[in-house]
Amino acid sequence: MCGIIGYCGDKNASTVLLEGLKRLEYRGYDSAGICVGIDKALKIVKCKGKIKDLKAIVPENFPGNYGIGHTRWATHGEVNDVNAHPHTDGSGKVAIVHNGIIENFQTLKNKLQREGHEFRTETDSEVIAHLIGTFYQGDLEKAVREAIGLLKGTYGIVCVHADEPNRMIGARNGSPLVLGVGEHEMFLGSDVTAMMAYTKQVVYLEDGEIVDVTDKGFRTSDYDDREIAKEIDHIDWELQQIEKDGFPNFMEKEIFEQPESIRRCMSGRLDTELATGHLGGLNLSSKELLEVERVKIIAAGTSYHAGMVASYLMESMARIPASAELASEVRYRNPIVERNSLYFAVSQSGETIDTLFAMRELQRKGARVLGICNVVGSTIPRESDGGVYIHSGPEIAVASTKAFTSQLMAFYIFALSMARMRDMSYETGHTLLDGMKAIPDQVVRVLEQKNAIRDLAMKYSSSENFLFLGRGINYPVALEGALKLKEISYIHAEGYSAAEIKHGPIALINEQTPSLFLVPDDRLREKVISNMKEIKARQGKVIAVAVEGDEEVGDIADDTIFIPSTHELLYPFLMVVPLQLFAYYTALDLGRNVDQPRNLAKSVTVE
Ligand code: G6P
């Protein structure tokens, strides 16, 4: 959600800023801008549109060796050239980029306006530039410190001043900010992708920290100017991982990476001899794990759907009561933290503010919260009490795919280990373990059907409404299928438990509203088949995802995608992949931008 970048060093700043913004574009893409300092003046170029539109208006050989850049996901003020960042104060000497929301901006703006400040934009962010300008007396860091003392809300800010070339000040409260340490050059960015082409040495800033950066070094301090020593971390992602690598877009690349990413998530974590799983990093002894009486999972979006699947797993495999809840709801309902409950915060990015704030609220109440995250070094894993990295590699497309299947795998490993510590037999453990190990190859077989799924997507892409229906552990998968379709194709899609259709959604059924059923060969198969027949009886079109050889389902459905057979608890892996492909090819057929769907952003760092 909004990408910010800052640079000072010996390179051409506009080149570095534009390159960094391109990498950050998945965070927001309605407008963009850069500000470069040269000869004690700041030059700003900004516009509505994508980074390529900005690039087209940045003059060639735009001089200057320091500056800031921003790619916006609008919160306050419409999407237009003026509201695009960077923003300046009245003198034009202070420029800032901001990610987050300043909640008290209107009060501050009113006061500044009464004092004679003229505002040019409708944004909350502009107020920061004016405040810094007001406090500036020759030391930018001091002015930023005073200004942020007045701000309420969340921010990642990077700021420059025309009179202090090659210096930038960053401040963080609730929105991520990372410092990149290069040779004779320094970077600030919303995440490491912004600077990965230049350096892999990074420093993660925490909330309440300010960083004073010049091309020679940096100093980190708290809001009271007490110096804070920071460690430099090394990023082990490769540049190639954040490139399309021959695929037409990131989403297709990420869908097809799943056999590998699931394998990576399992690697070194399965114990064939004891038929169990091992997750380092939980920071819990076997005794503490045995004492867990309840598992609670908090997350948003696709990660929430993974958490829902996990809650079924914990109960079925480990017989531990479990539930998943939207993080945004947890935070504000004064949650009750029960003794011996174990919490999980699930987040691909590790930065989703709803999940982060809910985690902090739970921790304040004494809960132990583990993270299940992808982005190493992001805020949730840093602040959690332990956890698991899913090692999917960078996920760039806004619609999450490979992170979902790896989040599932992390939970399967955890559930298996908890089950084997309790009453699951060695034999059952082994059956599950063998099933888990077979998943990557089975996903390959599902992916091999891409042409058939593409044809199906094209057949139905003119539908205006869709139902996705599943039961039991595949009910959350139906929700995920509906979410994928609506996110990237903009077709209205609802996910339901197949049993629920008779309580309302069946009223929507007609020839133009297809229903996509998930029909594994589990104990609910017969029930789901009855639900399919109810739809057929009302002239509804039925698409089924069923198990190879299930002729009965093939006969009832208008169209069927067949997947390999697996253990009944493992179907979510194989059911979700056709749904990802179905959404993807539908969106392509409709000419949508699949990587950057309208109105959305990848890393949602506002509430
Ligand atoms: C955004 C993204 C979704 C994602 C959700 C949660 O809405 O567009 O794809 O599922 O955030 O993100 P997280 O990084 O916490 O998994």
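This report describes the domain layout and the ligand site of a predicted protein model.

## Domain layout

The domain assignment divides the protein into three segments: domain 1 covers residues 2-235, domain 2 covers 249-443, and domain 3 covers 449-592. Between the C-alpha centres of domain 1 and domain 3 there is a separation of 45 Å.

## Ligand shell

The ligand is surrounded by 14 residues, and the closest of these are Ser303, Ser347, Gln348, Ser349 and Thr352. Sorted by class, the shell consists of 8 polar, 4 nonpolar and 2 charged residues.

Among the structural elements, helix 9, which spans residues 301-318, makes the largest contribution to this shell, supplying 3 residues.

## Polar contacts and coverage

Three pairings of polar atoms between protein and ligand may be set out individually. At Ser303, the side chain places a polar atom 2.5 Å from an oxygen atom of the ligand. For Gln348, the backbone is involved: one of its polar atoms lies 2.7 Å from a ligand oxygen. Val398 likewise takes part through a polar backbone atom, at 3.0 Å from an oxygen atom of the ligand.

On its own, the ligand has 390 Å² of accessible area, of which the protein covers 90%.

## Pocket

The site can also be described by the space that the ligand takes up. That space is the largest pocket.

Note on methods
Residues are numbered from 1 along each chain as its sequence is written. This is a predicted model: local features need pLDDT of at least 70, side-chain atom pairs count only at pLDDT 80 or more; totals for chains, interfaces and linings use all residues. Side-chain values use heavy atoms; hydrogens and water are left out. A residue is near a molecule or strand if one of its heavy atoms lies within 4 Å of it. A polar contact is a pair of N or O atoms within 3.5 Å; within protein, one must be able to donate a hydrogen and the other to accept it, and residues adjacent in sequence count only if both atoms are side-chain atoms. Accessible areas come from the Shrake-Rupley method with a 1.4 Å probe; for residues, only the protein chains shown count as cover. On a 1 Å grid over the protein atoms alone, a cavity is a set of points where a 1.4 Å probe fits but cannot get out, and a pocket is an open set with protein on both sides within 12 Å along at least five of seven lines; lining residues have an atom within 4 Å of a point. A molecule sits in a cavity or pocket if more than half of its atoms lie within 2 Å of its grid points. Helices (H or I, at least four residues) and strands (E, at least two) are DSSP runs, numbered from the N terminus. Ala, Val, Leu, Ile, Met, Phe, Trp, Tyr, Cys and Pro count as nonpolar, Asp, Glu, Lys and Arg as charged, and the others, Gly among them, as polar. Domain bounds come from an automatic or database domain assignment.
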